[in-house]
Each structure stands twice: as structure tokens, then as C-alpha cells.
Amino acid sequence: MKRLWTEDEVHYEGRYYRLSGAICRPRPLQSPHIPIWVAGGGEQLTLRVAARHAAYTNFGGPPEEFARKSEILAAHCREAGTDFNSIARSTNLFVVCRETEQEVADALAAIESRYRRVVAEDHAARAAAMYRAMAGTPEQLVERLRPWAEAGLGYAIVYFPTRRTTPLRWSCSPGR
């Protein structure tokens, strides 16, 4: 893909794919090419590919696992000669934000109830647990996000269970 985005015509003979005179027009506006996302936390393959090609990564788990995966990515970056700090690390967060703890509890109960109507009990419990891990008042969420920021989270993909009518703003910068 990088060659298609940067060269006039690409010829490539690989193990699984072959290109003969491939052309990509129009070219991307980004220079030198579109930023590449590599999602997944596979320690031997995925994070090694990310170290060589990614501008962004995405891997999950709690902050401790995120930090451990980041260390593995940093080691692969050293091997590949890539600046580890040039790669934005992201994760997916399922967030319930309400003004009071009672509203948080009510929202979590409603989420679990909604899931129970359409999926098996164990799936409903797992889905509710995803939201429970990052549920709270704005002040509580700031505290829950601190370990992520300290582990190097630079970008979050946030899922909310319902549509909000008021804006939610936060920063991953330590100390905020």
C-alpha cells in the first residue's frame, strides 16, 4: 500500500499477491502517505508489524496490560529502528458517564437488562462488565483514565451506550 500511495506504477511479486503495473489514483493528500493503523496486541507478529509500519496502534486490556504491550512495542521499535514516540497508542473504551453514582448504577442496570433481552446471560454479563470498567461520574472517570495516560495512551476510541445531549470533554495528559 505504501508503494501504491507513493509511486507512479507498482510491480510486486510476493508470496500471496502479485501486482503488475498497479496504479493508485487519485493519490492520498497526506504526505508521504496515509497514516497506517495496526490494531491488535499480538506480541510476536502484530506489534512487530506496528513497529515497522504504524502511525497508530490499538490494543486493549486494562492499563497494566496496555503498559506491558507498550513495552513490547518499544522493544520491536528499537529492533526496527523506529521512533517509538512517533506511534500513537490507542485503545477502545466503553464509557458510562453520569452526574451521580445512582445515575451510573441505573445506566449500568439498563445496559445489562437490554443485553439480557437479546443475548445469553453470560454474554450480557460480559457486555455489562465492559461498560462497568469505565463507568462513573466525570470526576471518577478522570481518575480512572489517569493510569491509561500514565501508561502512554495517546488516543481513545470511546463507545457510549446511549446518545448524550451534553458534551463530554477530557484529556489524556497526566496531571489533568
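**Exercise 1. Using its relative accessibility of 39%, decide whether Tyr 155 counts as buried, partly exposed or exposed.**

Step 1. Keep in mind that this is a predicted model.
Step 2. Recall the cut-offs: buried means under 20% relative accessible area, exposed means over 50%, and partly exposed lies in between.
Step 3. Tyr 155 has 39% relative accessibility, so it counts as partly exposed.
Step 4. Try Trp 37 in the same way: its relative accessibility is 38%, so Trp 37 counts as partly exposed too.

**Exercise 2. Find out how the rings of Trp 37 and Tyr 155 are arranged, and which parts of the chain they tie together.**

Step 1. Start with the overall count: there are 7 aromatic pairs in the structure.
Step 2. Take Trp 37 and Tyr 155, whose ring centres are 5.4 Å apart and whose planes meet at 75 degrees. Planes over 60 degrees apart count as edge-to-face, so this pair is edge-to-face.
Step 3. Now place the two residues: Trp 37 belongs to strand E3 (residues 37-39), while Tyr 155 belongs to strand E8 (residues 155-159). The pair therefore ties together parts that lie 118 residues apart in sequence.
Step 4. Look for a further ring: Tyr 56 joins Trp 37 and Tyr 155 in one aromatic cluster.

**Exercise 3. Describe the aromatic pair of Phe 94 and Tyr 131, and say which of its residues is buried and which is partly exposed.**

Step 1. From centre to centre the rings of Phe 94 and Tyr 131 are 5.4 Å apart, with 85 degrees between the planes, and the pair is edge-to-face.
Step 2. Phe 94 sits in strand E5 (residues 88-94) and Tyr 131 in helix H5 (residues 121-132). The pair links distant parts of the chain, 37 residues apart.
Step 3. Phe 94 has a relative accessible area of 22%, so it is partly exposed. Tyr 131 has a relative accessible area of 6%, so it is buried.

**Exercise 4. Work out where Thr 57 and Lys 69 lie, and which residues they touch.**

Step 1. Thr 57 is part of strand E4 (residues 56-58). Its relative accessibility is 0%, so Thr 57 counts as buried.
Step 2. Setting aside neighbours within four places in sequence, list the contacts of Thr 57: Trp 37, Val 38, Ala 50, Leu 73, Ile 87, Ala 88, Arg 89 and Ser 90. You have already met Trp 37 in strand E3.
Step 3. Lys 69 is in helix H3 (residues 63-80). With a relative accessible area of 10%, Lys 69 is buried.
Step 4. Not counting residues up to four places away in sequence, Lys 69 touches Gly 41, Glu 43, Leu 47 and Phe 59.

**Exercise 5. Step back to the whole protein chain: which elements does it have, and how does its radius of gyration relate to the globule rule?**

Step 1. Count the elements: the chain has 6 helices and 8 strands. Read from the N terminus, their order is α-β-β-β-α-β-α-β-β-α-α-β-α-β.
Step 2. The radius of gyration is 20 Å, well over the 16 Å that the globule rule gives for 176 residues, so the chain is more spread out than a compact globule.
Step 3. Check the extents: along its principal axes the C-alpha trace spans about 60 × 40 × 30 Å.
Step 4. Turn to burial and surface: 30% of the 176 residues are buried. About 11,300 Å² is exposed, with 53% of it supplied by carbon and sulfur atoms.
Step 5. Finish with charge: the chain carries 24 positive and 20 negative side chains, and the centres of the two sets are 5 Å apart.

Terms used. Residues are numbered from 1 along each chain as its sequence is written. This is a predicted model: local features need pLDDT of at least 70, side-chain atom pairs count only at pLDDT 80 or more; totals for chains, interfaces and linings use all residues. Side-chain values use heavy atoms; hydrogens and water are left out. Helices (H or I, at least four residues) and strands (E, at least two) are DSSP runs, numbered from the N terminus. The radius of gyration is taken over C-alpha atoms; the globule rule is 2.2 Å times the number of residues to the power 0.38. Buried means under 20% relative accessible area, exposed over 50%, partly exposed in between (1.4 Å probe, protein chains only). Accessible areas come from the Shrake-Rupley method with a 1.4 Å probe; for residues, only the protein chains shown count as cover. Lys and Arg count as positive and Asp and Glu as negative; His and the chain ends are not counted. The place of a charge is taken as NZ of Lys, CZ of Arg, CG of Asp or CD of Glu. Rings of Phe, Tyr and Trp (its six-membered ring) pair if their centres lie within 6.5 Å; planes under 30 degrees apart count as stacked, over 60 as edge-to-face and the rest as tilted. Contact means heavy atoms within 4.5 Å.
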